[in-house]
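Reader: Before I take the labels in this description at face value, I would like to see how each of them is reached. Could you take me through the reasoning step by step?

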Amino acid sequence: MSPIAEVEGRRIALRNLEKVLYPATGTTKGELLHYLAAVAGPLLRHLRGRPLAFLRFPDGPDGQTFFTKNPPPGTPDWVATAEVPRHEGETSRQILVQDLASLMWAGNLVVEFHAPMWRADRAAGLADRLVFDLDPGPPATIVHCCAVAEWLRERLHADGLSAYAKTSGSKGLHLLIPVEPTPSPETTGYARKLALEATAAVPGLVTSKMTRSQRPGKVFVDFSQNAAAKTTAAPYTARARREPTVSTPVTWGEVERCEDPAQLVFRIDDITPRLNRHGDLLEPLLDPELARPLPAGDGP
């Protein structure tokens, strides 16, 4: 029988805790769940209120992976959901991870957490965050992403906006910017404008086009994840990679000093010490007083 854990009064059957999910490090499912419990404070603050999508990898990153937005079969009735609009007036429900019990239930399914830039308690698509996903095309690396991030940081600052960085937990870097609630088409339009400006400013290093043939050796500035239907790997989520890497908030000093991709690779064992040292570097995203409007006239 699966062991039963009681979390905040909820009973959760935890399965296959000794199962190795990451063969490269021998990391087990139990260790992954322990990580989620250890970082639940900041992780939940960034998930709470946002309709989530899950990338599931129940047999580890070398097994089958699948992306889902619908509540999985067997979802307990105490796990919160939100009604989310779809195409042509249709709606569907997505999971809200609001508390530790829901987090551990979802973690037991072995998932990456992916969140939109808007909250369910506002009109759908009314974004309170802006995101740039900086994705390096080999032989470019996260070192090159850091150079592009610094350019974008200064450009955003010129418009009165503050950027905060985190690793993707994969190859690249994410920039997150708190904004006053703004319709997603407007945040997408503004992000596209800056991506095009970056391409013009450093044409040998940046591309804003998704076309694979144009990406080798360049950093793709993906602005499309600002669309209401899109989601981005959440802060502190573990990723389905060869090792249990984490989408980790980083300081701008770390971005500026990065000379080797290994400097910005963080695994589950690294995160608690970083939280003890830095706190949650993305906490400003949670303070509505720090949100700023987009420049006037920067619509879609």
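Author: Let me begin with a cut-off: a disulfide is a pair of cysteine sulfur atoms within 2.5 Å. Please keep in mind throughout that this is a predicted model.

Reader: How do you know that Cys258 is not bonded to the closest cysteine sulfur?

Author: The closest cysteine sulfur to that of Cys258 is in Cys146, at 4.2 Å, and because a disulfide needs the two sulfur atoms within 2.5 Å, this is too far for a bond. Seen from Cys146, the closest cysteine sulfur is that of Cys258, and by this rule the count of disulfides comes to zero.

Reader: What makes Cys146 and Cys258 buried or exposed?

Author: The limit for buried is under 20% relative accessible area. Cys146 has 1%, so it is buried, and Cys258 has 7%, so it counts as buried too.

Reader: Why is the contact between Glu254 and Arg274 called a salt bridge?

Author: The term asks for a side-chain nitrogen of Lys or Arg within 4 Å of a carboxyl oxygen of Asp or Glu, and the side chains of Glu254 and Arg274 meet at 2.8 Å, N to O, so the pair qualifies. Glu254 lies in helix α6 (residues 252-257) and Arg274 in helix α7, so the salt bridge ties together parts that are 20 residues apart in sequence. With 17% relative accessibility for Glu254 and 6% for Arg274, both values fall under 20%, and therefore both residues count as buried.

Reader: What makes Lys171 and Asp135 a salt bridge, and where do they lie?

Author: Their N to O distance is 3.9 Å, which is within the 4 Å limit, so the pair counts as a salt bridge. Lys171 is in the loop between β11 (164-167) and β12 (173-183), whereas Asp135 is in strand β10, 36 residues apart, and the pair thus links distant parts of the chain. Lys171 has a relative accessible area of 39%, and because this lies between 20% and 50%, Lys171 is called partly exposed.

Reader: Which residues are linked with Arg122 in a network of salt bridges?

Author: The network links Arg122 with Arg50 and Asp128. Between Arg122 and Asp128 the closest N and O atoms are 3.4 Å apart. Arg122, at 31% relative accessibility, counts as partly exposed, whereas Asp128, at 12%, counts as buried. A search of the whole structure finds 13 salt bridges.

Reader: Why is helix α2 described as largely enclosed?

Author: Six of the eight residues of α2 (residues 40-47) are buried, so the rest of the structure largely encloses this helix. The buried ones are Ala40, Pro42, Leu43, Leu44, His46 and Leu47, and they pack against α1 (29-38), α3 (100-108), β9 (111-115), β10 (126-136) and α7 (268-278). After α2 comes Gly49, whose phi is positive, near 85°.

Reader: How many residues has the largest nonpolar core, and which have the most contacts inside it?

Author: The largest nonpolar core has 75 residues, and those with the most contacts inside it are Tyr35, Phe113, Phe132, Leu134, Leu156 and Ile177. Helix α4 (residues 142-158) gives the most to this core, with seven residues. Another core, of seven residues, lies apart from it and includes Met117, Leu176, Leu282 and Leu285. In soluble globular proteins, nonpolar side chains tend to be buried together.

Note on methods
Residues numbered from 1 in each chain as written. Predicted model: local features only at pLDDT ≥ 70, side-chain atom pairs only at ≥ 80, totals over all residues. Heavy atoms only, no water. Buried < 20%, exposed > 50% of the residue type's maximum accessible area, 1.4 Å probe, protein only. Helix = DSSP H or I, 4+ residues; strand = E, 2+ residues; numbered from the N terminus. Contact = heavy atoms within 4.5 Å. Core = buried A, V, L, I, M, F, W, Y, C linked by side-chain atoms within 4.5 Å.
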